[in-house]
Amino acid sequence: MEHKEKKIAIHVSHLKKSFKQLEVLKDISLDVAEGEVVVIIGPSGSGKSTLLRCLNRLEAASGGEIVIDGTDITDRKCDINKVRERVGMVFQHFNLFNNMNVLRNLMLAPVDLKKQDRETARKKALEMLGRVGLSDKAQAYPHQLSGGQKQRVAIARALCMLPDIMLFDEPTSALDPEMVGEVLEVMKHLAHIGMTMVVVTHEMGFAREVGDRVIFMDGGLILEEGTPEAIFGNPQNPRTRDFLNKVL
């Protein structure tokens, strides 16, 4: 058996983020190993989504540092677009282009940003659609899809960039309850094949089943972290206990 230390894919040190007077992230330090699935839970307004958005610099940090695969993205000289090629992000709302069919939505970034030739991009797009179970929807337009299908297309689109890391910001919260399962299945599959993932979610079943580590945030701080068994079975922080009593 190998016991080699896993490489750190994401290193966050003393991250702070304020919007004018409002301090949203107070002092966040966190490492995510390659191939690890870290699930972030906590009440609304606790800073979970802001943390995720800082991880690919959709929000600029007010202090501290974030190192992704060895690149300090808080350094102004960092080429953030190069880093984003390796970091896929899936949002609550699907952000698909309604005037393009599914295939073109998937091919757009690889062709425009990675300068891939169209045939390579097309093959990869079809492969990723297959991976999320939507091979038959290549020619469909977003308005012809259900919410769950749109979110699976959004995941396939992120995968077309061949990222090392996937960030999910409440990917099921805008979906009807019966569509949540199909999106979570795709995410479970990614976890099983070893994708490094940071997931902000209200789906406690997913956190418990798929997370390697669960982080509880409140008030812009990480109040507790541990294995799913520890966090759900025996939370130490009273605030974690209180939150889980309300949501479970």
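Strand S4 (residues 63–68; strands are DSSP runs of E of at least two residues, numbered from the N terminus) makes the greatest contribution to the lining of the second largest pocket, namely three residues. Among the residues lining this pocket are Cys-54, Arg-57, Gly-63, Gly-64 and Ile-66. The model is predicted, with local features requiring pLDDT of at least 70 and side-chain atom pairs pLDDT 80 or more, while totals for chains, interfaces and linings use all residues. Residues are numbered from 1 along each chain, and side-chain values use heavy atoms, without hydrogens and water.

A pocket is, on a 1 Å grid over the protein atoms alone, an open set of points where a 1.4 Å probe fits, with protein on both sides within 12 Å along at least five of seven lines, and its lining residues have an atom within 4 Å of a point.

| Pocket | Volume | Lining by class |
|---|---|---|
| Largest | about 640 Å³ | eleven nonpolar, five polar, four charged |
| Second largest | about 170 Å³ | five nonpolar, four polar, three charged |

In these classes, Ala, Val, Leu, Ile, Met, Phe, Trp, Tyr, Cys and Pro count as nonpolar, Asp, Glu, Lys and Arg as charged, and the others as polar.

The largest pocket has a volume of about 640 Å³, and of its 20 lining residues Arg-84, Met-89, Ala-109, Leu-113 and Met-161 are the closest to its centre. Helix H3 (102–112) is one of the elements giving two or more residues to this lining, and H3 supplies the largest share, four residues.

Notes. Points joined across faces, edges and corners; volume = space filled by probe spheres on them.
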